Amino acid sequence: MMLDSWWWFFLFWGLLALLASAEWQAASPARSLLRRGRWPANLGLGFANGLLVALLPVSVLAIAFWAEQKSLGLFNILELPVVLVVAATLVLRSFAQYLQHRLMHRVPLLWRVHRVHHCDPRCDVTTALRFHPLEYAVVLPLLGGLTLLGGLDPYTLAVYEIVESIFGLATHACLQLPGRLERVLRLVFVTPAVHQIHHSIDRDESEMNYAAVFSLWDRLFGSFQALPSVPMDERRFGCDQIAPAQASSFDQLMDMPFRSRAYTVGQTAGHLGGDGG
């Protein structure tokens, strides 16, 4: 499969290194110090998730190829034009990501897992790696079930997974696109400025911009916001119930979903916000 190839491994980590280098050149000394405290935890989660995916025999792509071989799922049963199957696969897969992301914010038990991603006191390219391994257990049944029932095209899925991963790195990067390019791209795609609104301390902003690749879904369901409420250098990120030191500890992040105190989604004005830096 495409995602199992070594070229993809080097492309992903090479792009991460390139974006991190650009961020490093643009960062103030204070932000660089904060990165040195956060990056070990973020990179640690990234490597843990990479190892988990490599060791587990089940993935969305594996399910798609298996369903194709067994002629299971709607698109594998019906004789539809290839163009229609490709388009439908893209629509269903991207919508499933949007729906899954909204559920992670709305369901308290799921939020306890997803808050590991959002409690980062800054938002940069390494934040794209910052997911608890349990999130894989949440995402796989939803996306895998859709893939199996729909008989989604595995090759289209492979391309989409690559594109979504690249967008994940780019949209978390603490970099600004030229104004005109930003305005044009966000008509169709998620941009760094658009996605970083989603990581804001302001709850009204953090409940916006859930999509990963196409801004269509946020526009369609009324969760799109193009501009932040404050300038980029004044924006704050994190979770106000979680101290930056705790949010930068790999051990505490791994333990976070299992803590007895379950933060109520929407309980305070900053359930996705926090101590900035």
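1. Let me start with a charged pair: Asp124 and Arg38 are both buried, where buried means under 20% relative accessible area, exposed means over 50%, and partly exposed is in between (1.4 Å probe, protein chains only). This is a predicted model, in which local features need pLDDT of at least 70 and side-chain atom pairs count only at pLDDT 80 or more, while totals for chains, interfaces and linings use all residues. Residues are numbered from 1 along each chain as its sequence is written, and side-chain values use heavy atoms, with hydrogens and water left out.

2. Back to that pair. Asp124 forms a salt bridge with Arg38, with 3.0 Å between the closest N and O atoms; the cut-off for a salt bridge is a side-chain nitrogen of Lys or Arg within 4 Å of a carboxyl oxygen of Asp or Glu. Asp124 sits in the loop between α6 and α7 while Arg38 is in helix α2, so the bridge ties together parts that are 86 residues apart in sequence. Helix labels here follow DSSP runs numbered from the N terminus (helices are H or I, at least four residues; strands are E, at least two).

3. Arg38 has another partner. Its side chain also meets that of Asp120 in a salt bridge, at 2.5 Å from N to O. Arg38 belongs to helix α2 (residues 29–55) and Asp120 to the loop between α6 (108–118) and α7, so this pair ties together parts 82 residues apart in sequence. Arg38 and Asp120 are both buried. Put Arg130 on your list as well: Arg38, Asp120, Asp124 and Arg130 are linked in a network of salt bridges.

4. What is the total for salt bridges in the structure? The structure holds seven. One that doesn't involve Arg38 joins the side chains of Glu161 and Arg93, at 2.9 Å from N to O. Glu161 is in helix α8 and Arg93 in helix α5, so the pair ties together parts that are 68 residues apart in sequence. Glu161 is buried, at 14% relative accessible area, and Arg93 counts as buried at 3%.

5. Now the nonpolar side. A nonpolar core here is a set of buried Ala, Val, Leu, Ile, Met, Phe, Trp, Tyr and Cys residues joined through side-chain atoms within 4.5 Å. The largest core has 15 residues, and those touching the most other members are Val60, Leu61, Phe75, Leu140, Leu143, Leu152 and Leu157. Two or more residues each come from α3 (60–70), α5 (82–106), α7 (134–150) and α8 (154–172). A separate core of twelve residues lies apart from it, with Trp8, Leu19, Ile162 and Ala173 among its members.

6. If you want one core residue to look at, try Leu140. Setting aside neighbours within four places in sequence, Leu140 is in contact (heavy atoms within 4.5 Å) with Val58, Ser59, Val60, Ile63 and Gly145. Asn49 is worth a look too: Asn49 lies in helix α2 and is buried, at 16% relative accessible area. Not counting residues up to four places away in sequence, Asn49 touches Leu129, Phe131, His132 and Pro133.

7. On the surface, Leu177, Leu181, Leu185, Leu187, Val188 and Phe189 make a nonpolar patch of about 460 Å². Patch members have over 30% relative accessible area and no salt bridge; like charges are joined within 9 Å and nonpolar side chains (Val, Leu, Ile, Met, Phe, Trp, Tyr) within 5 Å. The areas come from the Shrake-Rupley method with a 1.4 Å probe, and for residues only the protein chains shown count as cover. Leu185 is found in helix α9 (residues 179–185) and counts as partly exposed, at 30% relative accessibility.

8. Cysteines next. There are zero disulfides in the structure, a disulfide being a pair of cysteine sulfur atoms within 2.5 Å. For Cys174, the nearest cysteine sulfur is that of Cys123, 7.6 Å away; Cys174 counts as buried at 15% relative accessibility. For Cys239, the nearest is that of Cys119, at 5.2 Å, and Cys239 counts as buried at 2%.

9. Last, a couple of backbone oddities to check. Ser71 has a positive phi of about 55° although it is not a glycine; Ser71 is in the loop between α3 and α4 (74–77) and is partly exposed, at 44% relative accessibility. Asn209, also not a glycine, has a positive phi near 60°. Asn209 lies in the loop between α11 (203–206) and α12 (216–220) and is buried, with a relative accessible area of 1%.
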